[in-house]
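Got your viewer open? Let's walk through this one a selection at a time.

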Amino acid sequence: AVPAALGWLLTRQQADGSFAGFDAGASADAIFAIAAVGSDPNGVLKNGSSPVSYLGTQAASYATKSTAAAGKLALAVVAAGKDPRSFGGQNLLGLINAAYSPASGQYGADITGHVYALLALAGTGQAIPAQALSALGAAQLPDGGWSFDGTAATGSDTNTTALAVQALVAAGA
């Protein structure tokens, strides 16, 4: 089943090496899937372009759009065996760390950005401030989940909750 799923995914690759979706994040998701099955995303080529090389061309515009984007891109870069401190002209870890507020303990403007930052830091062996984990715990809603923007008004959602759980596990919490 895994080779068939990977084969299906590769039929979705665009001529520039990207994978169609809302933005460059779809190509990061494809890199996660390719790496998860033991394949090298650098070697997945279409017309000589890989999703990794495509993301390199998008790094400046994508990573600077939000902390979530910088974190997600850093994770994809690490999965591809590249350096998140120097990818596509960006220091992704520098962007993430610049988004940290010691006063609130939060990375970025929302919980999605915060959890992607925590995952990226954990995935690169960086220290995670205890206050950042406390901020994530404080954002948990009464039903046990998390909302993408950290407010009860939008309600818990499965995607953000899954990312929050992964971040907690990655941080050893």
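**First stop: glutamine 106**

Select glutamine 106, and you'll land in strand 2. Keep in mind as you go that this is a predicted model. Show the side chain of glutamine 106 and follow it to the backbone oxygen of aspartate 110, which it reaches at 3.4 Å. Now bring up the neighbours. Leaving aside residues up to four places away in sequence, glutamine 106 touches Ala99, Tyr100, Ser101, Ile111, His114 and Ala135.

**Step back to serine 104**

Next, select serine 104, in the loop between strand 1 (100-101) and strand 2 (106-107). Is serine 104 buried or exposed? Neither quite fits: it is partly exposed, with a relative accessible area of 41%. Turn on its side chain and look for a polar atom 3.1 Å from the backbone nitrogen of glutamine 106. Beyond residues up to four places away in sequence, serine 104 touches Gln131 and Ala135. If you like drawing distances, try serine 104 to alanine 132: these residues are 28 apart along the chain, and their C-alpha atoms are separated by 8.0 Å.

**On to helix 6**

Now colour residues 111-123, which make up helix 6. Begin at its start, where a side-chain oxygen of aspartate 110 reaches to within 3.4 Å of the backbone nitrogen of threonine 112. You've met aspartate 110 already, since its backbone oxygen is the one that the side chain of glutamine 106 reaches.

Run down the helix from there. Helix 6 has 13 residues and spans 18 Å from its first C-alpha to its last, close to the 18 Å expected at 1.5 Å a residue. Past the helix comes glycine 125, with a positive phi near 75°.

How many of the 13 residues of helix 6 are buried? Eleven are, so the helix is mostly covered. Among the buried ones are Ile111, His114, Tyr116 and Leu119. To see what does the covering, show helix 4 (67-79), helix 5 (92-98), strand 2, helix 7 and helix 8, which are all included in the cover.

**A side trip to serine 147**

Jump to serine 147, in the loop between helix 7 and helix 8. Serine 147 counts as buried because its relative accessibility is 1%, and the cut-off for buried is under 20%. A polar atom of its side chain lies 2.7 Å from the backbone oxygen of threonine 151. Light up the residues around it too: not counting those up to four places away in sequence, serine 147 touches Ile111, Leu141, Thr154, Gly155, Ser156, Asp157 and Thr160. Ile111 should look familiar, as it is one of the buried residues of helix 6.

**Follow the chain into helix 8**

Select aspartate 157, which caps the N-terminal end of helix 8. One of its side-chain oxygens lies 3.2 Å from the backbone nitrogen of asparagine 159. Then extend the selection to residues 158-170 for helix 8 itself, with 13 residues and a reach of 18 Å from first C-alpha to last, close to the expected 18 Å.

Which residues of helix 8 are buried? Pick out Thr160, Thr161, Leu163, Ala164 and Ala167. They cover an arc of only 160° around the axis, so they sit on the same side of helix 8. Those buried residues pack against helix 6 and helix 7 (130-138).

Spin the view round to the face turned away from that buried side, and you'll find the exposed residues Thr158, Asn159 and Val169. Click on valine 169, whose relative accessible area is 58%. A distance worth drawing here is valine 169 to leucine 119: they are 50 residues apart in sequence and 9.3 Å apart in space, C-alpha to C-alpha. After helix 8, look for glycine 172, whose phi is positive, near 80°.

**Zoom out**

Clear the selections and take in the whole protein. It has eight helices and two strands, arranged along the sequence as α-α-α-α-α-β-β-α-α-α. The C-alpha atoms fill a box of roughly 45 × 35 × 25 Å along the principal axes. For 173 residues, a compact globule would have a radius of gyration near 16 Å, and the protein agrees at 16 Å.

Two more views to finish. Colour by burial, and 41% of the 173 residues count as buried. Switch to the surface, and about 8,000 Å² is exposed, with carbon and sulfur atoms supplying 57% of it.

Key. Residues numbered from 1 in each chain as written. Predicted model: local features only at pLDDT ≥ 70, side-chain atom pairs only at ≥ 80, totals over all residues. Heavy atoms only, no water. Helix = DSSP H or I, 4+ residues; strand = E, 2+ residues; numbered from the N terminus. Expected span 1.5 Å × (residues − 1). Buried < 20%, exposed > 50% of the residue type's maximum accessible area, 1.4 Å probe, protein only. Arc of directions from axis to C-beta. Contact = heavy atoms within 4.5 Å. Polar contact = N/O pair within 3.5 Å; in protein donor to acceptor, adjacent residues only side chain to side chain. Rg over C-alpha atoms; globule rule 2.2 N^0.38 Å. Areas by Shrake-Rupley, 256 points an atom, 1.4 Å probe, with all protein chains shown as cover.
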